[in-house]
Amino acid sequence: MIIFKDVNKLFSNKKKALDDINFTIEDGEFVFLVGPSGAGKTTILRLIFREILPTSGSIIVSDIEVNKIKKNQIPFLRRRIGYIFQDFKILPERTVSENVSIALEILGAKKDEIEIKVADILETVGLKGKENYFPAQLSLGEQQRVAIGRAVIGNTDIILADEPTGNLDPKTSWDILRLLVKINKAGKTIVMATHNLDIVTSMKKRVIHIENGKVVKSSLDKLY
Amino acid sequence: MQTQSPSVIQRLRRTPYQSLAAILTMTLTFLVASTFFVIAAYSSSILSYFETRPQIVAYFTDKKDENQIKELEAKLKETGKVSSVRYISKEEALSIYKEDNKNDPLLLEMVTADILPASLEVQTTQPEYLPEINQMLQKEPEIEEVKYQQDIVDILLAWTNSIRRVGIVTVLLFSINALIVLVTIIGMKIALSRNEIDILTLIGATGWYVKKPFIKQGLVYSLTGALISWIITSLALLYISPALSGFLRYIHTLSFISYKGMEISVYPVSYGFIGAILVVNLFIGFAVGLIGSLVALKRFLK
């Protein structure tokens, strides 16, 4: 469960990025964060991920008040949250399987376990047979699948996706969406920031609409 | 399918020139450290050897009989300033001579007990008493020669202290140089891995997980340097060992460490001493590698 309670965020340039944000996302939900560029979507994701701290208010993720945890506890929070970035953030000098296995290596998983899980997840994300490819040998859609594989392979309960289709063509975007739905059906909570309204309206999932740092609409009836 | 992050060796092989520069600098540093360690060990052992020898030896003419010498011995003991006095008869002098020159039959020929002088070997309780005892012996009749070793000990002590001082300063300077090189190279590696570090941090890697590969690389550089320098030093020591036997011909053994029946000698060169050089190298190697990596991480990994 993710709870935002009276959250405000003021950046050092005095720009108010978030203004009194309140919402709750239940376990296993698929939620879109929508709004124009600069609305505050990424700021919300970064707050959940404890990349930044709120100016005031409280953020609870899986019963952890993330704005109050110590710095050395941040890695353990992040191990429960998979983050899919618009620019993928995969390592160019490592193969597909090496990129995906990092998430398990940091957990201290054994080699045998890593091999089994990596093979399994690469099949799920549709990269079977490309285990030893380097990112430069893959299409953008395939690179995003590597990032998704890395985000879901560990003990993650929540997946945060920041414009995961932003750099992709429509067909590949739908492929990625279908993959995220599949992951959501497997029980993981998905919070996806996007400004692609076609996707949002077609998917019929819950939507939180942000504008100028405020929640202007939160559709709980899964119709937007 | 490789599912593991690159090993330390794979990381080092990806930057061969940096690795070579680091290992060569480390090797040079440890070679200097090993050389000074060996010189310091030899000078200390030689000093200890002379310190444990009789500090004054008085040689008598044949006119001084054994009773007179025994009287002198008693007189010396009465001063209360003498810790031990040992009478060496002509016969004992011959057996010592034979032992010292057992490998040289030419020197053993024609030498009999008659031509060797009887002597008294004296050790004082305090080094300050040496001049007084020396003068007392010099005044005795029928003394052929008095050998007074305090001069040798003083000279050796001065040399040993100088070697230690120069050694410590030189090793410190080389260690600082090695540290700077290590910090620079590990710092470059951190800068090159910035993207990887950022991603690892974002997906939940702990600080230790991120730092571990850099610490391992620093340790591999310095421990490799330490091992190479140990091999070079040991081979050089074994190579010059025959030359030392000519230089130290009257000394049977130079002990480096002697504890509860266990003895490590620097001469003849023992495996224990070669092992001690390895331990010193690995200790300094570990310290330089660890400190260098940690400083680089502190400096470049904010």
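How many C-beta neighbours does A:Asn212 have inside 10 Å, and does that make A:Asn212 buried, exposed or partly exposed? Keep that question in mind while we look around this predicted model.

Let's begin where the two chains meet. Chain A brings 21 residues to the contact, and chain B brings 14 residues. On the side of chain A that touches chain B, α2 (74–78), α3 (96–105) and α4 (111–124) each supply at least two residues. The largest share there, six residues, comes from α3(A). By character, the residues on this side of chain A are eight nonpolar, four polar and nine charged.

Now for the backbone. Most residues other than glycine have a negative phi, and most peptide bonds are trans. With that in mind, a few places in this model deserve a second look.

Start with A:Lys89, in the loop between β6 (81–84) and α3 of chain A. A:Lys89 is not a glycine, yet its phi is positive, about 50°. A:Lys89 counts as partly exposed because it has 17 C-beta neighbours inside 10 Å.

Further along chain A, the loop between β9 (206–211) and β10 (214–219) holds A:Asn212. Here too a residue that is not a glycine has a positive phi of about 50°. And here is the reply to our opening question: A:Asn212 has 14 C-beta neighbours inside 10 Å, so it counts as partly exposed.

Finally, turn to chain B and find the loop between β6 (262–267) and α10 (271–300), where B:Pro268 sits. The peptide bond leading from B:Tyr267 to B:Pro268 is cis, with omega near -5°.

Technical notes: Residues numbered from 1 in each chain as written. Chains lettered and ligands numbered in written order. Predicted model: local features only at pLDDT ≥ 70, side-chain atom pairs only at ≥ 80, totals over all residues. Contact = placed C-beta atoms within 7 Å. Helix = DSSP H or I, 4+ residues; strand = E, 2+ residues; numbered from the N terminus. Nonpolar A, V, L, I, M, F, W, Y, C, P; charged D, E, K, R; others polar. Buried ≥ 20, exposed ≤ 12 C-beta atoms within 10 Å, placed from the backbone.
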